[in-house]
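Biologist: I am new to this structure and would like a close look at one part of it. Please take me through that part slowly, and explain each term when you first use it.

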Amino acid sequence: VVDALENVRRLDAVFLKGLVLRTKPGLDVLASPETPSVRPPDVRQVRALIDRLASLYRTVVIDVPRTDLGIIEALEPATAIVVVVNQELPTVRRAAQIAALLRQRHGKDRLGSVVSRYDSRAEIGQDDIERVVGLPVWGVLPSDYRLALQAANQGSPLVVDNHSKLANAVRQLARKVVRSGGAGEAQAPPRKVGRLAGLF
């Protein structure tokens, strides 16, 4: 990511090929730096990088750390912005703060939330999350820590050759967001390039 940001003006398909990691399923990953940067990335550089990647790929997914709120300005090109939340009260409160900032900057049509590690027996339910965060829940990812950890340790997307409930939920979420911009079939007219930004 750092190399891409520093060379965004000359970031053509050939140059980018040297920066991304191609996974077996055909997913290209532009990884975060091994050592964290002392200064936050320039918003204009990030915006230019998103635009450049969107011109080279049909779909771009951006995993934004929830601590880097300065990047919110750079998400303007996104067709869908997803706030990932779990059923812990501090996380729900923080998600509500982020959602308020996103609504103020980008409106509400492109915004949704995803409940990660969902447990139907938890005190905080899906309805509570929608009410407090103020965003519709576009997907619920069931809790399967062992499977998620195994996929992370192997560096392989869990949706590959996997028929678990978690893998199916991830597939459904991806289809919904990419097909419709997340907000429903009748909204978000088709665009040449789909762009998705995920907030974590």
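**A close look at strand 5**

Modeller: A word of caution comes first: over residues 183-195 the pLDDT, which is the predictor's confidence in each residue on a scale from 0 to 100, stays under 50, and for this stretch the model has 25 contacts (heavy atoms within 4.5 Å) beyond four places in sequence. This is a predicted model, in which local features need a pLDDT of at least 70 and side-chain atom pairs count only at pLDDT 80 or more, while totals for chains, interfaces and linings use all residues. Residues are numbered from 1 along each chain as its sequence is written, and side-chain values use heavy atoms, with hydrogens and water left out. The protein averages a pLDDT of 82, with 88% of the residues scoring at least 70.

Helices (DSSP runs of H or I, at least four residues) and strands (runs of E, at least two) are numbered from the N terminus. Among these elements, strand 7 (residues 194-199) has the lowest mean pLDDT, 48, and helix 5 (residues 126-133) the highest, 94.

Now to strand 5, residues 111-118. Six of its eight residues are buried (under 20% relative accessible area with a 1.4 Å probe, protein chains only), so strand 5 is largely enclosed by the rest of the structure. Strand 5 pairs (DSSP must find at least two bridges) with strand 4 in the parallel sense over five bridges; I81 stands opposite L111, and V84 opposite V114. Strand 4, residues 80-85, is itself mostly covered, with six of its six residues buried: A80, V82 and V84 point one way, and I81, V83 and V85 the other. Strand 5 is also joined to strand 6 (residues 137-142), which runs parallel to it, by four bridges, and here Y118 stands opposite P142.

Helices link these strands. Strand 4, helix 4 (residues 89-106) and strand 5 make a right-handed β-α-β unit, where right-handed means that, with the strands pointing away from the viewer, the path from the first strand over the helix to the second runs clockwise. Strand 5, helix 5 and strand 6 make a right-handed unit as well.

The axes of helix 4 and helix 5, lines fitted to C-alpha atoms over the stretch in contact, with angles from 0 to 180 degrees between N-to-C directions, come within 8 Å and cross at roughly 45°. That makes helix 4 oblique to helix 5, since angles under 35 degrees count as roughly parallel, over 145 as roughly antiparallel, 65 to 115 as roughly perpendicular and the rest as oblique. V92, A95, A96, A99 and R103 of helix 4 make this contact with I129, V132 and V133 of helix 5.

Definitions and conventions
Buried < 20%, exposed > 50% of the residue type's maximum accessible area, 1.4 Å probe, protein only.
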